[in-house]
Amino acid sequence: MGDTAAHIVALLVGKLPFMKGAAFTPDIARTLDSKKVSDHHAIIPTMELAKADLAALPESERNILTLAGARLLFAAAEPHIFDAVTAVFSCADTEFTAKGKTVLCDGWKELERRYRATLKGKPDAEGDEENERILDVLSFTEGQSFDSPAARVTAHDTQPPKPHTEASLLSAMERAGSADTDPDAERKGLGTPATRAAVIEKLVKSGFVQRKGKQLIPTKNGSNLVCVLPDTLTSPQLTAEWENALTQIARGAAEPEDFMRGIEEMARELVKAYPFLSENQKGLFKEEKAVIGKCPRCGGNVCEGRKNYYCEKKDCAFVMWKNDRFFEERKTAFSPKIAAALLAGGRAKVKKLYSPKTGKTYDGSIVLADTGGKYVNYRIELARDKELTQQA
């Protein structure tokens with residue numbers, strides 16, 4: 001494997017444009033350890049690279065191949081070495097902290113800068129460390145005093161943590177509980193490299209998390225679920241304890257039967273302590289009704305259902321069906337926006353209404369013509385004040 005990886009690295013150096021003229025001595029041995037192979041942790045190019053003409057590949061494929069190849073080169077490059085200093089100053093019983101670092105060897109970060117210089121968007125480097133100021137570290141000694149230093153007071157606002165993206169959440173899952181996990185444990189963090197993305201997808205499909213652009217935002221049900229679950233089940237400490245126990249079993253220092261008995265006992269204790277949700281907790285998961293307007297008959301709230309828009313008062317029969325024939329014949333979706341306009345002002349302007357008689361489309365206004373009967377009526381008003389009325 002080592003010889004193959006060395007050949008692939010040599011091919012990448014010759015084929016990737018950003019490596020032209022770069023001083024690069026790969027250390028393959030540092031990235032490979034066949035004795036510790038468990039899961040498949042990396043995607044790297046294969047020897048098929050020798051036959052590939054990067055310029056002839058579609059742009060998307062070329063970008064992915066370049067990204068995978070660049071990562072392999074970074075892993076095999078020299079370490080990035082720097083001196084970092086954190087200085088704590090005490091003044092009037094208040095402590096102030098200053099940080100600085102001096103780069104001693106660029107190492108793999110020099111290759112990363114070359115690679116990023118070729119990107120169209122020039123994205124920021126990953127990690128907070130990259131955004132720290134690189135300063136010449138001054139010489140300080142413990143207990144050193146400063147006479148009449150220049151000082152000024154400034155006001156700043158702290159920023160809340162940004163919502164997770166899929167990449168940052170995967171990284172957080174990988175690190176969760178690692179500090180409490182045995183260094184020799186086969187797996188660390190939540191899930192495995194092969195299952196973490198599927199866990200996130202399941203949370204989205206179950207309605208506990210929603211995607212908003214690149215961000216992953218907890219839904220109301222997701223936040224409430226965390227609130228009602230016992231701390232034991234929401235802490236990565238549990239995963240760390242189980243992984244440590246499995247490591248001891250693998251070493252022969254613990255019995256698997258004891259491990260399973262511990263899980264069974266924990267399950268019994270949890271069921272005994274939390275047999276059901278309280279009424280207040282159940283209320284957290286009640287489906288919120290989307291109110292779109294006021295009922296024209298009784299003044300109650302009109303809510304959106306799966307198939308209709310209905311008055312929430314049980315003694316009121318007002319309901320507008322989404323599959324109403326009036327809208328289906330005109331090939332117009334009865335959207336919440338149209339329903340809200342009808343309830344607010346009695347009419348909704350709609351474009352491209354279909355005429356069953358002429359087969360053409362036209363712009364007009366749908367008017368709510370409710371007579372208080374079992375079904376709600378509508379009619380069309382055209383710009384030339386011609387009305388076409390049809391009962392639904």
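Q: Buried means under 20% relative accessible area, exposed over 50%, partly exposed in between (1.4 Å probe, protein chains only); what percentage of the chain's residues count as buried?
A: This is a predicted model, in which local features need pLDDT of at least 70 and side-chain atom pairs pLDDT 80 or more, while totals for chains, interfaces and linings use all residues. Residues are numbered from 1 along each chain as its sequence is written, and side-chain values use heavy atoms, without hydrogens or water. Of the chain's 392 residues, the buried share is 25%.

Q: Are H8 and H9 roughly parallel or antiparallel to each other?
A: Helix H8 covers residues 237-251 and helix H9 covers residues 256-273 (helices are DSSP H or I runs of at least four residues, strands E runs of at least two). Their axes, 9 Å apart, make an angle of about 160°. Angles over 145 degrees count as roughly antiparallel and under 35 as roughly parallel, so the two helices are roughly antiparallel.

Q: How many nonpolar residues are in the contact of H8 with H9?
A: Contact means heavy atoms within 4.5 Å. Trp-242 and Leu-246 are among the H8 residues that meet H9 residues, including Phe-259 and Met-266. The contact has no polar and no charged residues, and its nonpolar residues number nine.

Q: Which element gives the most to the largest nonpolar core?
A: This core has 24 residues, and Phe-318, Leu-342 and Tyr-378 are among those with the most contacts inside it. Several elements each supply at least two of its residues, including strand E9 (347-354) and helix H12 (336-345). The element that gives the most, with four residues, is H12.

Conventions: Axes are lines fitted to C-alpha atoms, for helices over the stretch in contact, and angles run from 0 to 180 degrees between N-to-C directions. Angles under 35 degrees count as roughly parallel, over 145 as roughly antiparallel, 65 to 115 as roughly perpendicular and the rest as oblique. Ala, Val, Leu, Ile, Met, Phe, Trp, Tyr, Cys and Pro count as nonpolar, Asp, Glu, Lys and Arg as charged, and the others, Gly among them, as polar. A nonpolar core is a set of buried Ala, Val, Leu, Ile, Met, Phe, Trp, Tyr and Cys residues joined through side-chain atoms within 4.5 Å.
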